[in-house]
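Trainee: I'm new to this one. Can you put it up and walk me through it?
Mentor: Sure, here it is.

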Amino acid sequence: MNKPLQIHNKLSVLPHYLQHLNGRMKSEIKELKRLGDLLDIMNKGLMDTYFQPILKLQNGLTIGHEVLNRPPSSPQFPTTEHFYEFAGGTDLMFRLEKYCRRLSLTRYVERLPNPKAKDDKLIFINVHPGILNDSRHRSGETLELLKELGLSPSCVVFELTERQAVQDYVSFEKALSHYREQGFRIAVDDAGSGYNSLKTLVYLKPEFIKLDKSLICGIHGNPEQQELLELIREYAARSATLVIAEGIETAEELHYLQKVGIDYGQGYAFGRPIPQPLDGYLGEKR
């Protein structure tokens with residue numbers, strides 16, 4: 001091949017290379033902007049905190065609240081799901097987790113209608129599974145915070161979502177045992193959504209199983225969903241685990257869940273997430 005032809009061939013691929021390089025640069029700039037926004041949200045305290053009640057289905061008693069920390073909407077993070085999905089893939093997740101845990105517990109105590117009743121209900125806090133046995137974790141930090149706030153560990157339930165898969169169940173179970181020895185309890189979120197459900201439940205032996213809203217939506221008219229619910233309910237009964245149905249929105253869903261003996265429920269039918277941990281309600285809002 002002569003030299004002019006070699007030069008021509010090299011030049012012909014140059015536009016494709018420059019296009020690839022430009023795409024990489026745009027991607028990296030977007031990544032840096034997201035990282036900058038994530039740091040700003042933590043450093044400037046921009047997270048909003050909401051509380052959604054969890055009720056006993058047979059009598060309407062509010063047994064606790066799930067704490068939901070949400071970032072402000074932005075071009076980088078148009079939804080809360082985008083925010084946590086991005087954060088979970090960065091080295092900042094450990095720092096964000098600590099920040100959110102402190103925020104959840106502190107704002108819960110600050111916003112209670114009756115500060116003297118702070119130990120009356122359960123506090124469900126979302127936890128990324130990879131954080132609990134992170135080597136950077138300092139044992140006793142959460143206990144120190146609870147003591148500072150006047151809360152008991154028995155009030156706190158760590159809610160683990162199945163969508164962030166556990167890689168090493170044996171070591172993870174050891175980490176959970178450490179928290180249980182301190183008085184904390186464990187809930188597995190998103191059960192029935194198709195994410196490692198059976199394996200997660202068997203290995204982690206949670207005190208609570210939270211049924212994914214995709215399983216609950218329209219369950220009164222769906223035999224397949226009813227069958228899966230019954231399997232989980234039977235497993236829970238044999239393992240002394242309590243079941244919480246999430247995403248209950250209609251009277252029909254509620255009545256079916258009451259009929260089949262589901263313990264607890266959460267959803268718009270009882271109360272939307274609001275900035276204060278107030279009791280929920282069955283039926284018409286009082």
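Mentor: Start with a helix pair. Phe83, Tyr84 and Ala87 of H2 touch Met93, Leu96 and Cys100 of H3. Keep in mind that this is a predicted model.

Trainee: What classes of residue make up the contact of H2 with H3?
Mentor: Six are nonpolar. There are no polar and no charged residues in that contact.

Trainee: At what angle do H2 and H3 pack?
Mentor: About 130°, with the axes 9 Å apart. Helix H2 covers residues 80-87.

Trainee: And what do we call that, oblique or parallel?
Mentor: Oblique, because 130° falls outside the ranges for roughly parallel, roughly antiparallel and roughly perpendicular.

Trainee: Does H3 have another partner? Which residues of H3 and H5 make their contact?
Mentor: Let me give the geometry of that pair, then the residues. H3 spans residues 93-111 and H5 spans residues 141-149. Their axes come within 10 Å and cross at roughly 20°. That angle is under 35 degrees, so H3 and H5 are roughly parallel. The crossing is right-handed. On the H3 side, the contact uses Lys98, Arg101, Arg102, Leu105, Thr106 and Val109. On the H5 side, the residues are Glu141, Thr142, Leu145, Leu146, Glu148 and Leu149.

Trainee: How do those divide by class?
Mentor: Five nonpolar, two polar and five charged in the contact of H3 with H5.

Trainee: Let's zoom out. How many helices and strands does the chain have?
Mentor: Ten helices and eight strands. The chain has 286 residues, and 44% of them count as buried.

Trainee: What about the surface? How much of the accessible area belongs to carbon and sulfur atoms?
Mentor: 53%, out of about 15,600 Å².

Trainee: And the contacts along the chain?
Mentor: Take contacts between residues at least 6 apart in sequence. Of those, 70% join residues at least 24 apart.

Trainee: Show me one such long-range case. Where is Glu207?
Mentor: Glu207 sits in the loop between helix H7 (197-204) and strand S6 (208-211). Glu207 and Leu242 are 35 residues apart in sequence, yet 6.3 Å apart in space, C-alpha to C-alpha.

Trainee: Which residues does Glu207 touch?
Mentor: Leaving out residues up to four places away in sequence, Glu207 touches Arg180, Arg185, Ile186, Thr241 and Leu242. Glu207 is partly exposed, because its relative accessible area is 23%.

Trainee: New topic. Is Gln225 buried or exposed?
Mentor: Buried. Its relative accessibility is 15%, and the cut-off is under 20%. Gln225 is in helix H9, residues 223-238.

Trainee: What does Gln225 touch, beyond residues up to four places away?
Mentor: Ser214, Leu215, Ile216, Cys217, Gly218 and Ile219. Gln225 and Leu215 are ten residues apart in sequence and 5.9 Å apart, C-alpha to C-alpha.

Trainee: Back to H2 for a second. Is Glu81 buried or exposed?
Mentor: Exposed, at 57% relative accessibility. Glu81 is in helix H2. Glu81 and Pro71 are ten residues apart in sequence and 9.9 Å apart in space, C-alpha to C-alpha.

Trainee: Last one. What is phi for Ala240?
Mentor: Near 55°, a positive value in a residue other than glycine. Most residues other than glycine have a negative phi.

Trainee: Where is Ala240?
Mentor: In the loop between H9 and strand S7 (242-245). Ala240 counts as exposed, at 70% relative accessibility.

Notes. Residues numbered from 1 in each chain as written. Predicted model: local features only at pLDDT ≥ 70, side-chain atom pairs only at ≥ 80, totals over all residues. Heavy atoms only, no water. Helix = DSSP H or I, 4+ residues; strand = E, 2+ residues; numbered from the N terminus. Buried < 20%, exposed > 50% of the residue type's maximum accessible area, 1.4 Å probe, protein only. Contact = heavy atoms within 4.5 Å. Areas by Shrake-Rupley, 256 points an atom, 1.4 Å probe, with all protein chains shown as cover. Axes fitted to C-alpha atoms, helices over the stretch in contact; angles between N-to-C directions. Parallel < 35°, antiparallel > 145°, perpendicular 65-115°, else oblique. Left-handed = near helix turned anticlockwise from the far one by under 90°. Nonpolar A, V, L, I, M, F, W, Y, C, P; charged D, E, K, R; others polar.
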